[in-house]
Amino acid sequence: MELKLYDTLTREKRVFVPIDPANVRMYVCGPTVYDFAHIGNARPVIVFDVLFRLLRQLYGAGHVTYVRNITDVDDKINARAAERGISIRDLTEATYQNFKDDVAALGCLPPTVEPRATEHIEEMKTLIERLIAGNHAYVAEDHVLFSVPSMADYGKLARRSLDEMMAGARVDVAPYKRDPMDFVLWKPSKPGEPSWPSPAGIKSPGRPGWHIECSAMSWKHLGETFDIHGGGIDLVFPHHENEIAQTCCTFHTKVMANFWMHNGFLQVEGEKMSKSLGNFVIIREVLADWPGDVIRLAMLASHYRQPINWTVKGLEEAEKALSSFYDAASAEADPRPAPGVLDALLDDLNTPKAIAEMHGLRNAAGRKALAGTLGFFGFRPD
């Protein structure tokens, strides 16, 4: 059996060969905990939960390390805490618990490690110091910035030139930048914001930039190079591009992760989900109207790399299909996918084909295999 996964970096579907079969390592960017997670946030959580389950099936549950981080220091967090008149810690603790409750209701396993950014400040500072020593970063007006021109192949993940990336990005204009594309690794904290002693001899306290957080947490828990890095397609640039720059320039490695996997965008009833359109739907609201299993199946009905159109009709179809699966499945079976379902998942997580295979198991001969497949996917009949 060969697992094939699409790699955003190479733009091809390749056979997955882990660096160490005894410790298959995956990192996925998690939530910024300032508000309830929306239904778009649920997609990568569900997609990479399925991949986590598949890797455990292939290599053994004790041989897979899945890291999904929590961003608990961020401008949005600071603003929301101030708006609500509560402490930043109270906000992040409550929001983090809400997120955990929501994704558990969607049938997702907890990751092996769920690191918080604020618990990895020392690792971030270590990376920053090494980047400065290697002339990949510099200090300017109490900021530390990554020097984009210092990396010859910057932009290889997004596959865009510097001019194209500048045109498509919200580049912060600052007089202390050597180059407009340079990005912040560390910045001074304003009064009332979280702060830590700064690296690089900067006397004023500060806090990390967003991108350095994930480089530090993945390094701490998975090493300098690991197997899979995942997230939404919106993170390719600048976040994942900048992660690659930081990590590869720190450790002098060619790659940060051997596979980069990204799920497609989510639309609601044919329109891009946004607060301005009034179709911004949080997971908690959907769970109030639909069982978590139904939401999970509806999310998996589209291939993870394709855009998904989130509709009531799709939920209704998922509810009908799930009911028929539960009616047909035998009561007990080992939680493992049927052979046809496994073959579909081995082909870059082809969940639509896997679901089609499940429909074919709704007969007397397939009842036990269907029950095992449902258990593998995390579906829980009452």
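Helix H9, residues 292-300, has nine of its nine residues buried, so the rest of the structure largely encloses this helix. That comes from a predicted model, and the protein chain around H9 has 13 helices and 13 strands in all. With a radius of gyration of 22 Å against the 21 Å that the globule rule gives for 382 residues, the chain is as compact as a globular protein of that length. Here's a quick tour, from the enclosed helix to two acidic residues in loops.

**Helix H9**
- Which residues of H9 are buried? They are Gly292, Asp293, Val294, Ile295, Arg296, Leu297, Ala298, Met299 and Leu300.
- Charged residues are on that buried list too, including Asp293 and Arg296.

**The chain as a whole**
- Along its principal axes, the C-alpha atoms fit a box of roughly 70 × 45 × 35 Å.
- Buried residues make up 53% of the 382 in the protein chain.
- If you look at contacts with a separation of 6 or more, 77% of them link residues 24 or more positions apart.
- The chain exposes about 16800 Å², and carbon and sulfur atoms account for 50% of that.
- On the charge side, there are 42 positive and 50 negative side chains, and the centres of these two sets sit 2 Å apart.

**Aspartate 182**
- You'll find aspartate 182 in the loop that runs from helix H5 (162-168) to strand E7 (183-188).
- Is aspartate 182 buried or exposed? Its relative accessibility is 1%, and the cut-off for buried is under 20%, so aspartate 182 counts as buried.
- Its side chain pairs with the side chain of tyrosine 138 through a polar contact of 2.6 Å.
- A polar atom of that aspartate 182 side chain also lies 2.9 Å from the backbone nitrogen of valine 148.
- Leaving out residues up to four places away in sequence, aspartate 182 touches Tyr138, Leu145, Phe146, Ser147, Val148, Pro149 and Lys177.
- Tyrosine 27 is 155 residues from aspartate 182 in sequence, and their C-alpha atoms are 25 Å apart in space.

**Glutamate 114**
- Glutamate 114 sits in a loop as well, between helix H3 (88-105) and helix H4 (121-133).
- Which side chain does glutamate 114 meet in a polar contact with an arginine? The partner is arginine 68, at 3.2 Å.
- Tyrosine 96 joins in through its side chain, with a polar contact to the glutamate 114 side chain of 3.2 Å.
- Beyond four places away in sequence, the residues that glutamate 114 touches are Arg68, Ile70, Tyr96, Phe99 and Lys100.

Note on methods. Residues numbered from 1 in each chain as written. Predicted model: local features only at pLDDT ≥ 70, side-chain atom pairs only at ≥ 80, totals over all residues. Heavy atoms only, no water. Helix = DSSP H or I, 4+ residues; strand = E, 2+ residues; numbered from the N terminus. Rg over C-alpha atoms; globule rule 2.2 N^0.38 Å. Buried < 20%, exposed > 50% of the residue type's maximum accessible area, 1.4 Å probe, protein only. Contact = heavy atoms within 4.5 Å. Areas by Shrake-Rupley, 256 points an atom, 1.4 Å probe, with all protein chains shown as cover. Lys, Arg positive; Asp, Glu negative; His and termini not counted. Charge placed at Lys NZ, Arg CZ, Asp CG, Glu CD. Polar contact = N/O pair within 3.5 Å; in protein donor to acceptor, adjacent residues only side chain to side chain.
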